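Here is a friendly set of notes to keep beside you as you look through the structure for the first time. Each point can be read on its own, with the viewer open.

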Amino acid sequence: MTILVESHAHYRLITLNRPERLNALTVEMADALSAALDAAEAEESCRALLITGAGRAFCAGQDLTAIVGIAPAEIGGLLDHYNPLIRKLRALPLPVVCAVNGVAAGAGANLALACDIVLAGEGASFVQAFARIGLIPDCGGTWFLPRLVGMARARALAMLAEPLPARIAAEWGMIWQVVADDRLMLDGHALAARLAGGATSGLALTKNALDAAEANDLDDQLDLERDLQEEAGASPDHAEGVRAFLEKRPPVFAGRRS
Ligand code: LHQ
């Protein structure tokens with residue numbers, strides 16, 4: 001199986017599972033990942049996702065053995081499988097944590113950057129490997145990189161295709177945190193469990209608002225915040241959060257989605 005899905009209390013762990021190829025992506029794998037996201041969304045008790053890779057790498061990007069000699073139109077055709085996956089990750093009404101356990105290259109790097117909170121082990125690195133093979137950063141790379149690290153760094157990463165160590169990625173604000181390799185999965189599970197106990201619909205609306213902010217001006221964004229806040233304010237978890245505050249106890253969020 002190219003991906004493994006493991007259920008935990010209120011969250012699921014998805015593991016990219018082609019370790020002998022450094023979890024390089026195939027169309028079947030992208031489709032399986034998309035299906036796993038759909039399944040997680042459909043299951044009301046699933047309130048967060050954790051994504052990682054099996055073995056020593058997170059993901060080496062597109063499996064290059066599968067694209068040898070293919071026609072340009074077929075390269076575009078491959079992206080017809082990857083683009084829905086990236087869109088799905090961003091629109092998923094659940095928080096997604098990525099635990100980058102080793103090298104994340106090409107589409108693998110950008111798959112990680114599409115997640116909501118990215119943790120990486122000290123030994124991990126991010127490589128926009130595309131320039132080495134005459135391609136452009138895809139799977140959202142040209143969109144994520146300048147927004148995360150600024151245009152100067154984005155350009156150099158994309159054009160030089162040099163590996164960026166996890167520590168620098170964290171310093172630059174490309175990812176949330178770097179942690180000791182032997183803590184990565186412990187911390188990843190703890191974060192996923194914490195988010196799974198959160199106010200799910202509020203977190204989903206937060207994702208929507210932050211993504212919309214990339215294109216909106218302040219006026220439009222304030223209007224959007226008003227609308228989304230109205231929605232969040234109607235959720236039982238909002239009522240519980242306020243009640244818990246007034247009663248000086250931790251909230252118990254049901255995580256029901258609006
Ligand atoms: C691999 C791969 C790989 C197959 C390692 N494929 N076998 C593009 C086109 C069209 C549409 C869809 O989207 C895309 C997006 C893309 O992702 S394009 C970019 C594709 N990825 C790359 O160019 C990265 C290629 N890999 C590497 O540069 C290195 O392997 C990295 C830096 C990831 C890791 O280096 P090392 O740690 O030195 O490992 P390695 O190179 O020795 O790899 C281990 C094995 O995995 C090796 O096989 P072998 O049989 O010799 O043990 C590699 O051939 C295989 N492998 N990446 N993408």
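1. Let us begin with A192, which sits in helix α7, the stretch covering residues 184-196. Please keep in mind throughout that this is a predicted model. A192 has a relative accessible area of 0%, so it counts as buried, the limit for that word being under 20%. Leaving aside residues up to four places away in sequence, A192 touches Y11, A48, L50 and V97. It is also worth finding I51: 141 residues separate A192 and I51 along the chain, yet their C-alpha atoms are 9.7 Å apart.

2. Next, look at R12, which belongs to strand β2. Is R12 buried or exposed? With 16% relative accessibility, R12 counts as buried, because the cut-off is under 20%. Its contacts, not counting residues up to four places away in sequence, are V5, E6, S7, A39, A40, E43, C46, A48, L49 and L50. Two of the names here, A48 and L50, are also touched by A192. R12 has a distant partner in sequence as well: A196 is 184 residues away along the chain, while the C-alpha atoms of R12 and A196 are 9.6 Å apart in space.

3. T52 is a good residue to visit after that. It lies in strand β3, which runs over residues 49-53, and it is buried, with a relative accessible area of 5%. Which residues does T52 touch, not counting residues up to four places away in sequence? The list is L13, I14, T15, L16, F58, A99, N101 and M185.

4. Now for the ligand. There are 25 residues around it, and those that come nearest are R56, Q62, L64, A107 and D138. Two backbone approaches are easy to look up: a backbone N or O atom of L64 is 2.9 Å from a nitrogen atom of the ligand, and a backbone N or O atom of A107 is 2.9 Å from an oxygen atom of the ligand. A side chain takes part too, with a polar side-chain atom of R132 placed 3.4 Å from an oxygen atom of the ligand.

5. On open space, the largest pocket holds about 700 Å³. Its lining is made up of 26 residues, and R90, C115, D116, I117 and L210 are the ones nearest its centre. The elements that supply two or more residues to this lining are β6 (117-121), α4 (141-149), α7 and α8 (200-213). Which element gives the most? That is α8, with six residues. By class, the lining of the largest pocket has 17 nonpolar, two polar and seven charged residues.

6. There is enclosed space as well: the structure has one cavity of 30 Å³ or more. The volume of the largest cavity is about 30 Å³. Its lining consists of F126, V127, Q128, L145, L157, E162 and M174. Sorted by class, these are five nonpolar, one polar and one charged.

7. Two backbone angles deserve a look. Most residues other than glycine have a negative phi. H10, although not a glycine, has a positive phi of about 70 degrees. H10 is placed in the loop between β1 (3-8) and β2 (11-16), and it is partly exposed, with a relative accessible area of 42%. A161 is the other case, with a positive phi near 55 degrees in a residue that is not glycine. A161 is found in the loop between α5 (151-160) and β8 (164-165). Is A161 buried or exposed? Its relative accessibility is 3%, so A161 counts as buried.

8. Finally, turn to E240 in helix α10, which spans residues 236-246. E240 is a charged residue by class, and it is buried, with a relative accessible area of 8%. What joins the side chains of E240 and R243? It is a polar contact of 3.0 Å. Not counting residues up to four places away in sequence, E240 also touches R249, P250, P251, V252 and F253.

Methods:
Residues are numbered from 1 along each chain as its sequence is written. This is a predicted model: local features need pLDDT of at least 70, side-chain atom pairs count only at pLDDT 80 or more; totals for chains, interfaces and linings use all residues. Side-chain values use heavy atoms; hydrogens and water are left out. On a 1 Å grid over the protein atoms alone, a cavity is a set of points where a 1.4 Å probe fits but cannot get out, and a pocket is an open set with protein on both sides within 12 Å along at least five of seven lines; lining residues have an atom within 4 Å of a point. Grid points are joined across faces, edges and corners, and a volume is the space filled by probe spheres set on the points. Helices (H or I, at least four residues) and strands (E, at least two) are DSSP runs, numbered from the N terminus. Buried means under 20% relative accessible area, exposed over 50%, partly exposed in between (1.4 Å probe, protein chains only). Contact means heavy atoms within 4.5 Å. A residue is near a molecule or strand if one of its heavy atoms lies within 4 Å of it. A polar contact is a pair of N or O atoms within 3.5 Å; within protein, one must be able to donate a hydrogen and the other to accept it, and residues adjacent in sequence count only if both atoms are side-chain atoms.
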